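Reader: Could you please go through this structure with me? I am new to reading such models.

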Amino acid sequence: MAETPYCPLLSINKEVPALCQEELCMWYVKQLKLCSATVLAYTNALNLQTPAKPTTTSTQQPATQTAKQSVNQPLTPQAKKEQPKINPFALDDLD
């Protein structure tokens, strides 16, 4: 028999953690048998673990440009190659 988890929302400012109300709670995801607050926290924790792209520091340029300086910008936006994020809590097979 699995233990009933503690509710992170009902346990705020309590000395004794409150038990999860499971299917009686609006935040409970029945298909996952988890609290949606827990799912959000876990998903965000996974996103924090992905390596961030390093930011490059550039020298500051003066706001005014002379006639010799020009800015070359592409006319069409280039597609960025990003890896698709995998959500372990995807509910694709719901009835």
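Author: What follows is a short conversation about the fold, the helix and some individual residues of this predicted model.

Reader: What does the secondary structure come to?

Author: The protein has one helix and two strands. Along the sequence they follow the pattern β-β-α.

Reader: And how much of the protein is buried?

Author: Buried residues account for 11% of the 95 residues. The accessible surface is about 9800 Å², and carbon and sulfur atoms hold 55% of that area.

Reader: Which residues does helix α1 cover, and how far does it reach?

Author: Helix α1 covers residues 36-49, which is 14 residues. From its first C-alpha to its last it reaches 20 Å, close to the 20 Å expected at 1.5 Å a residue.

Reader: Which residues of α1 are buried?

Author: They are S36, V39 and T43. Viewed down the axis of α1, the buried residues fall within an arc of 55°, so they line one face of the helix.

Reader: Why would residues spaced like that point the same way?

Author: An α-helix has 3.6 residues a turn, so residues three or four places apart point the same way.

Reader: What do those buried residues pack against?

Author: The buried residues of α1 pack against β1 (28-29) and β2 (34-35). On the face turned away from the buried side, α1 carries the exposed residues L48 and Q49.

Reader: Let us take S36 alone. Why does S36 count as buried?

Author: S36 has a relative accessibility of 16%, and buried means under 20%, so S36 counts as buried. Leaving out residues up to four places away in sequence, S36 touches W27 and V29.

Reader: What about A37?

Author: A37 also has its place in helix α1. Its relative accessibility is 22%, so A37 counts as partly exposed. A37 and L9 are 28 residues apart in sequence, yet their C-alpha atoms are 8.1 Å apart in space.

Reader: On a different topic, which residues make the nonpolar surface patch?

Author: The patch is made by L9, I12, M26 and W27, and its area is about 480 Å². One of these residues, I12, has its place in the segment before β1.

Reader: Where is L19, and what does L19 touch?

Author: L19 is also found in the segment before β1. Not counting residues up to four places away in sequence, L19 touches T4, P5, Y6, C7 and L10. The C-alpha atoms of L19 and P8 are separated by 8.9 Å, and the two residues are eleven apart along the chain.

Reader: Is L19 buried, exposed or partly exposed?

Author: L19 counts as partly exposed, because its relative accessibility is 46%.

Reader: I have just read about phi angles. What sign does phi have in most residues?

Author: Most residues other than glycine have a negative phi. In this model, N13 has a positive phi of about 60° although N13 is not a glycine. K33, which is not a glycine either, has a positive phi of about 55°.

Reader: Where are N13 and K33 found, and are they buried or exposed?

Author: N13 is found in the segment before β1, and at 79% relative accessibility N13 counts as exposed. K33 lies in the loop between β1 and β2. With a relative accessible area of 63%, K33 is exposed as well.

Reader: One last point: how many of the contacts join residues at least 24 apart?

Author: Among contacts between residues at least 6 apart in sequence, 35% join residues at least 24 apart.

Key: Residues numbered from 1 in each chain as written. Predicted model: local features only at pLDDT ≥ 70, side-chain atom pairs only at ≥ 80, totals over all residues. Heavy atoms only, no water. Helix = DSSP H or I, 4+ residues; strand = E, 2+ residues; numbered from the N terminus. Expected span 1.5 Å × (residues − 1). Buried < 20%, exposed > 50% of the residue type's maximum accessible area, 1.4 Å probe, protein only. Arc of directions from axis to C-beta. Contact = heavy atoms within 4.5 Å. Patch = residues over 30% accessible without salt bridge, like charges linked within 9 Å, V, L, I, M, F, W, Y side chains within 5 Å. Areas by Shrake-Rupley, 256 points an atom, 1.4 Å probe, with all protein chains shown as cover. Salt bridge = Lys/Arg side-chain N within 4 Å of Asp/Glu carboxyl O.
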